[in-house]
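Hi everyone, and thanks for making time for this. Please have a look at the structure on the screen, and then I'll walk you through some parts of it.

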Amino acid sequence: MDRFEIEQSVIGQWSVQESERMLVKVKYRSKQKYVKITESHGTYDYQQFHQAVVEKFGLPPDTEIIYKDSSGTEVDADIFSELLSKGEDLFSAYVNDDYEDMSVSSEASYPSDASTVILDDSFCDTPSKKMKEDVQSQREAAKIMVNEVLQRKPGGEKIFQEYHKTKSLTGATRRQLVNILVADMVEVHGRIPSQAIRVKYAQGIVALFPYLEDPLSKHGYEHFYDAASGSGYISWRLKTVQRSLSDQSRSCAAVDESNGGPKAARLTATTVQQLTGQECEEAISMMNHSSDEAVVTEKMKATFEHRQKLVHDPDMSVDVLDTFRRFLDIPGLIEQDFLMLFGEETSGKFLARWPTFFRPHIVEDGKGLVPTVHVEELLSSAQGDGDGGWDRDIASLCLLLHLIPPTSKGHRKAAKISALQAEDYLVRYLQVGASMQIFLSSLEPSQPFMLCVGEQKNKIHKFYVIVDNKAIPCRAQTSVAAFDELFKAHFVFGTSYCEALDGFYSFIQTTIYNIDVGKTKEKPRVRELRARFLNVKK
């Protein structure tokens, strides 16, 4: 064989090897399938393998999977190819977010002539004692790691200086902190760092900067990275970095694991005997025609559970105000139903905590907003210096809306409204003497909002809660008490928050009323603001 033939033979062999494929056996729950992975220049592409598994089993494109080898050691992208080349024939992969409590199966019940991956959703029955004992040492190690990164990276010193001076971080400085740490994370751990790595960085942040810790969430760092939902500032920044490095498609659907909030069915706090069947129908008829408010109040109590069934029935909820018409002419019925849902302690929290604690902190934090003309007007009114604007409480509520502004949902580039525009979904003003009927008939369908009727914005005579284009009179004589009724109306009528105000209302719900804490899906900004306010007391 001459030299030319030898060279062609070598090239031919190299070309076969370059495109050699391996069949990898994958088991997901009760299904078992083969996926193909291609060897290129002596290496196997981790991302290609991961994408093949996701597509084969129809999983969401952004599913995060943790792979471990037969020894129980976590497998990252940078060593995946080397392990396959060395003959590793058993991987275990976990798709459950609570991976820290999982155990690695030691059984290899499939033939070793093909690489095998087992996807397992199960938890280990008993959390590792060693894991519990190591929590503090892990937290300390995470703290040291974050400290070392910030000490050696440009911009880190500024973050320390601001935190030591204010015991907090502005939005801009917090973004710089996250950007620095995510850049380090990608540099050290690759473009797709494992959940354990993301948790470690988030844990290190709140360990190093304890005033950034959220005292009401499970771990305190969920606003930076929440393993249960895959959300948080770290996750968001990682997605931005990944988009710039790859054209890989991402899922447009988000799984809402929330089971709290106004639409959640719940056990009631009432001890009042409830009417059913024919007796309930007779009571409804009686109170709709009675002029005795005491009779109406008692019959409303006795039909409370029937009313709650209606508001949580999608086919009947729109008829609630037609069935229980006395909401429209007797003030105080919203408060009565809310008391029966949650009891006096929860019902009184907003009015007790708003004026002395939350309003002052919101005003102080509002001074850090971008100083637009409107924001300056709100700050002036919130401090009692306004002339013709809203009173102190409504101005402070609007400032909170600017601190937790609307965010666009999904990836369809839906129109995002400003905080100023969102104020119309919270509160509106109607001049005394204007026609209420004309105002209501001009409304587009919307979620509940507060209507203030008066001579001017800071001289209101009457407050209403607008639900389904109907005006429910407030018993309240002050704007803060009227807002209390507005918030409670969402639960009484089982209506979801306006999308533009979701973060705003979630903060009120969990942080002030302490309703469904840990059950309600919260934006990182809500948790960050809560951590800032509640840690002031430390």
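Let me start with a question: are D502 and K523 buried or exposed? Both of them are buried. The side chains of D502 and K523 also meet in a salt bridge, at 3.1 Å from N to O. This pair links distant parts of the chain, with D502 in helix 21 and K523 in the loop between helix 21 and helix 22, 21 residues apart. Then there is a network: R174, D365, R525, E528 and R532 are joined into one by salt bridges that share partners.

Before I go further, please keep in mind that what you see is a predicted model.

Now let me step back to the whole chain. The secondary structure comes to 22 helices and 11 strands. The chain has 538 residues, and 47% of them count as buried. About 27300 Å² of the chain is exposed, and carbon and sulfur atoms supply 50% of that area. What about contacts along the chain? If we take contacts between residues at least 6 apart in sequence, 60% of them join residues at least 24 apart.

Back to salt bridges. How many does the structure hold? There are 21 salt bridges. I'd like to show you another one, between the side chains of D516 and R266, with N and O at 2.9 Å. D516 lies in the loop between helix 21 and helix 22, while R266 lies in the loop between helix 8 (233-245) and helix 9 (277-289), so this pair ties together parts that are 250 residues apart in sequence. The two partners differ in their cover: D516 counts as buried at 13% relative accessibility, whereas R266 counts as partly exposed at 23%.

Stay with D516 for a moment, please. The loop that holds D516 runs between helix 21 (502-512) and helix 22 (524-534). D516 has a positive phi of about 55°, although it is not a glycine. Why point that out? Most residues other than glycine have a negative phi.

Which other residue can I show you with a positive phi although it is not a glycine? D468 is one, with a phi of about 50°. You'll find D468 in the loop between strand 10 (459-467) and strand 11 (470-473). D468 counts as partly exposed, at 43% relative accessibility.

Let's move to helix 10. Here E298 forms a salt bridge with K301, and the closest N and O atoms are 3.8 Å apart. The two residues are three apart in helix 10 (residues 293-302), which means that about one helical turn separates E298 from K301. E298 counts as partly exposed at 46% relative accessibility, and K301 is partly exposed too, with a relative accessible area of 25%.

K301 brings us to the next stop, Q336. Which residues does Q336 touch, if we don't count those up to four places away in sequence? They are T297, M300 and K301. Q336 itself sits in helix 13, and it is buried, with a relative accessible area of 12%. Look at Q336 together with M300: they are 36 residues apart along the chain, and their C-alpha atoms are separated by 8.8 Å.

Helix 13 covers residues 333-342, and E335 has its place there as well. E335 is buried, with a relative accessible area of 14%. Leaving aside neighbours within four places in sequence, E335 is in contact with S347, R475, D484 and K488.

My last stop is on the surface. Which residues form a positive patch there? The patch is made by R21, K33, K36 and K56. If you want to find one of them by eye, try K33, which lies in strand 2 (residues 31-40). K33 is partly exposed, with a relative accessible area of 30%.

If you take two pictures home, let the first be D516, buried and joined to R266 by a salt bridge. Let the second be Q336 in helix 13, touching residues that include M300 and K301. Thanks for listening, everyone!

Note on methods:
Residues numbered from 1 in each chain as written. Predicted model: local features only at pLDDT ≥ 70, side-chain atom pairs only at ≥ 80, totals over all residues. Heavy atoms only, no water. Patch = residues over 30% accessible without salt bridge, like charges linked within 9 Å, V, L, I, M, F, W, Y side chains within 5 Å. Areas by Shrake-Rupley, 256 points an atom, 1.4 Å probe, with all protein chains shown as cover. Salt bridge = Lys/Arg side-chain N within 4 Å of Asp/Glu carboxyl O. Lys, Arg positive; Asp, Glu negative; His and termini not counted. Charge placed at Lys NZ, Arg CZ, Asp CG, Glu CD. Helix = DSSP H or I, 4+ residues; strand = E, 2+ residues; numbered from the N terminus. Buried < 20%, exposed > 50% of the residue type's maximum accessible area, 1.4 Å probe, protein only. Contact = heavy atoms within 4.5 Å.
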